[in-house]
Amino acid sequence: LITGPEAVGKRTLATRFAQAIFSPKGKQNESYSIYDAIEKEEFGDVAWVRIGGACGGNRADGTCHVHPKRSIGVCQIRWMVRKMNTKSFNADHKVFVVDSINDLSLSEEQSFSALLKQLEEPPPHTTILLLSANPDNLNLTIRSRCQLVQIPAMSRDLLRDAILKSNLTENIQSATKYAAIAKGCYGRAYT
């Protein structure tokens, strides 16, 4: 369970975690690689479960007629479970990222039950990463089955330096202003 404020870097950490598993030496050259495929969410052994995402339905976008528009539905959790139990494409490991676990449909108890079963007994060589900006609002049973990784907001000075280093601006006053507005969250400063 990766937690922290909105835009603090939970998705980035999940992506880097998957890259470390499948491409431990990082990006090796300029050609398209596993590292790049994970970054672009095109690598078959890393699956993202999120609002509007695929569920294996029969529509052109991979969704079904009961697919929820404002939450992660039971059909998506079932899709994830099916994918967990199939052979991996490129490696002997799979990573599933639920972004954000807070979007799991509260009205579908089946969603929680299906996810809980996988958290308690995941298939071998499977990692499930749950992302949450509000872990206190999560089902207590799900929280209790997870290892917690908290990403705190950055200090204003550290964020200012990161903004300058990534060339979002070259002006120190602007970087200081962006850091204050972003409240320690690099993703907010970046957008």
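Biologist: What makes helix 3, residues 74-84, count as mostly covered?

Modeller: In this predicted model, eight of the eleven residues of helix 3 are buried, and a residue is called buried because its relative accessible area falls under 20%. Those that meet this cut-off are V74, C75, Q76, I77, W79, M80, V81 and M84, so helix 3 is mostly covered by that criterion.

Biologist: Which elements cover the buried residues of helix 3?

Modeller: The cover includes two elements from earlier and later in the chain, strand 2 (46-49) and strand 3 (94-99), together with helix 4 (109-120) and strand 4 (126-132).

Biologist: How do you know that strand 2 and strand 3 pair, and in which sense?

Modeller: Strand 2 and strand 3 share four bridges, and since pairing asks for at least two bridges found by DSSP, the two strands are therefore counted as paired, in the parallel sense. One residue of strand 2 whose partner can be named is W48, which is bridged to V97 in strand 3.

Biologist: Which way do the residues of strand 2 point, and are they buried or exposed?

Modeller: V46 and W48 point one way while A47 and V49 point the other way, and all of them are buried. In a regular strand the side chains alternate between the two faces of the sheet.

Biologist: Why is the link between R160 and D161 called a polar contact?

Modeller: The side chains of R160 and D161 are joined at 3.0 Å, and the cut-off for a pair of N or O atoms is 3.5 Å, with residues adjacent in sequence counted only if both atoms are side-chain atoms; the pair is side chain to side chain and within the limit, so the name applies. R160 itself lies in helix 6, residues 156-165.

Biologist: What does R160 touch when residues up to four places away in sequence are not counted?

Modeller: R160 then touches I172, A175, T176 and A179, and these are called contacts because heavy atoms come within 4.5 Å.

Biologist: How many helices and strands does the protein have, and what pattern do they follow?

Modeller: The secondary structure comes to eight helices and five strands, and read along the sequence the pattern is β-α-α-β-α-β-α-β-α-β-α-α-α.

Biologist: What share of the contacts with a separation of 6 or more comes from residues 24 or more positions apart?

Modeller: Such residues account for 62% of those contacts, while 44% of the 191 residues of the protein count as buried.

Conventions
Residues are numbered from 1 along each chain as its sequence is written. This is a predicted model: local features need pLDDT of at least 70, side-chain atom pairs count only at pLDDT 80 or more; totals for chains, interfaces and linings use all residues. Side-chain values use heavy atoms; hydrogens and water are left out. Buried means under 20% relative accessible area, exposed over 50%, partly exposed in between (1.4 Å probe, protein chains only). A polar contact is a pair of N or O atoms within 3.5 Å; within protein, one must be able to donate a hydrogen and the other to accept it, and residues adjacent in sequence count only if both atoms are side-chain atoms.
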